[in-house]
Amino acid sequence: MRAALSAVLAISVTGCSLQRYSPVKLVSHMFGPSPGALIGMVSADEPEATLVGRDILQRGGNAADAATAMGMALAVTLPSRASLGSGGACLAYRPGDQNGGRAFMFMPVAGTVAAPNMPLADRPAAVPMLARGLYLMHLQYGSAAFSELLPNAITLASNGINVSRQLASDLAAVQVPLLADPGVRAVFSRSDGKALAEGDALVQTHLSGALDQIRAMGVGDLYNGALGQSFVAGSQAAGGGLQISDLRQSVPSERLPLVVSRGETQIAFLPPPADGGLGSAVAYSATSTSDAMQRAQASVAAWRAQNGNHAGGTGDDLTARAQAFVNGGGGSGGGLPALPASTSFTVVDHAGMAVACSLSMNNLFGTGRMAGNTGIVLGASPARLPQPLITAAIASQGRAFRAVAAGSGQNDAAAAVGIEMHQIMAGQTPEVRPATTQGRVNAISCPQGLPGDAATCTAATDPRGAGLAMGPR
């Protein structure tokens, strides 16, 4: 099955739009569900992404369709943490899934060392994994054609958005080195030379063109086509050092999640190399909030000490080792260095399908440079930086969805998700947030389960952030 899937994925990213389902066409707003009908729930760190996910659900898409559209929209609305140059992981579940669902891994990947005849790679870039990773997840769980999920992002880039509080905060944090790059400065600065502030207009014409090319030619064009050639040329000119072979060889994977069982309830967590999920699984079983915070980081540190900063291993064998590590109570490995920032989102549809994703540029705005005229901000290579804590969890009971949470932030992201899931499964609402300093959570809870009674479902985003959550109707 894994070999067959790899073959399908290899074909799908060469420029066509091969999918394993029969795509349905999304209906328009006027033909959407009747008033009062359950649509679904969405939560994200950035409001426009939430609205995009809600729009897809209203038009008849499922949770995987909405999550795919949200991820691509974040490449426009929050390029500091989730440009097309980013990486991450998603956890997906539909009622009846065995082993708590599936994990889709598209973590930041380092490129090869630049050849002698290439420009100096003074800021090595990560391979752009976002589009390919979302495509794989959507290939397995989506219901609409992938191309139908991109117009929202294209419109946001071409017509422009108002800079959100989160993006404005990220711009302010790194504006001096960031605006030193002419390509970035042309997009993210005001007429007075300062970085864009909250509420300012952000138009990304070149990025709109790149997204439209993906819509027309397929995801593979970014990895093995004309867009990929432009991206590589832009990367090399910007000191990223990527080669077309890096893009062709970096393929996302589908894996089994880590699972913690409590009676009939299963809580699935992202597996390594998204080892934030491992930290969240340990934190979920902790006896107190302070214990969870300490054990989450210590366990990730111990795991990385045993397996390397970028945790090697392949497929479900790596998950099995991580599962044994979690079952043994985790480990004690001291603390973690300062980790890169991330962003996250969650979505659940009316049938109880759930998706949670966590994304990162491996540094705020990645390398701080843009790949030529593609409009894509380059992610930072993980070869020189510690890996971010990418984490998400989904709880199910029998054939019903119960809760989902995804983590954002930095060192406390794993603890935040573990604590949040513990609180939700203990009967608290998602509005009750863990007392972590750097961890942020997006969460959705349905105490009565889905499919079923949605009246008690709640969607929430961390009140300390600047996101948006939209409830069941």
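Contact is taken here to mean heavy atoms within 4.5 Å, and the structure described is a predicted model.

On this basis, Asn411, which lies in the loop between β14 (400-409) and α16 (413-425), is in contact with Gln297, Leu336, Pro337, Ala338, Leu339, Leu389 and Gln438, once its neighbours within four places in sequence are left aside. Asn411 has a relative accessible area of 7% and is therefore classed as buried, the limit for that class being under 20%. Two of the residues that Asn411 contacts also present backbone atoms to the polar part of its side chain: the backbone nitrogen of Leu339 lies 3.1 Å from a polar atom of this side chain, and the backbone oxygen of Leu336 lies 3.5 Å from a polar atom of the side chain of Asn411.

Gln438, a contact of Asn411, also appears in the lining of the second largest pocket, where Gln438 is listed with Arg81, Gln166, Gly409 and Arg440 as lying nearest the centre. This pocket holds about 270 Å³ of space and is lined by 19 residues, which divide into 11 polar, 5 charged and 3 nonpolar. Strands β14 and β15 (439-450) each contribute at least two residues to the lining.

Attention then turns to the nonpolar interior. In soluble globular proteins, nonpolar side chains tend to be buried together. In the present model, the largest nonpolar core comprises 85 residues, and those with the most contacts inside it are Leu84, Met137, Phe188, Val347 and Val355. The greatest contribution to this core comes from helix α3 (residues 63-77), which supplies 11 residues. A second, separate core of 26 residues includes Met41, Leu91, Ile390 and Ala459.

Val347, found in strand β11 (residues 343-349), counts as buried because its relative accessibility is 0%. When residues up to four places away in sequence are not counted, Val347 touches Met41, Val42, Leu57, Ala63, Ala66, Ala67, Met70, Met353, Ala354, Val355 and Ile444. Val347 is also separated from Gly40 by 307 residues in sequence, although the C-alpha atoms of the two residues are 7.4 Å apart in space. For Val355, with residues up to four places away again not counted, the residues touched are Ala63, Ala64, Ala67, Cys90, Leu91, Ala92, Met137, Phe345, Thr346, Val347 and Val404. Val347 and Val355 thus touch one another, and Ala63 and Ala67 are among the residues touched by both. Met41, a member of the second core, is touched by Val347, while Leu91, also listed in that second core, is touched by Val355.

Key:
Residues numbered from 1 in each chain as written. Predicted model: local features only at pLDDT ≥ 70, side-chain atom pairs only at ≥ 80, totals over all residues. Heavy atoms only, no water. Helix = DSSP H or I, 4+ residues; strand = E, 2+ residues; numbered from the N terminus. Buried < 20%, exposed > 50% of the residue type's maximum accessible area, 1.4 Å probe, protein only. Polar contact = N/O pair within 3.5 Å; in protein donor to acceptor, adjacent residues only side chain to side chain. 1 Å grid on protein atoms, 1.4 Å probe; cavity = no way out; pocket = protein on both sides within 12 Å on 5 of 7 lines; lining within 4 Å. Points joined across faces, edges and corners; volume = space filled by probe spheres on them. Nonpolar A, V, L, I, M, F, W, Y, C, P; charged D, E, K, R; others polar. Core = buried A, V, L, I, M, F, W, Y, C linked by side-chain atoms within 4.5 Å.
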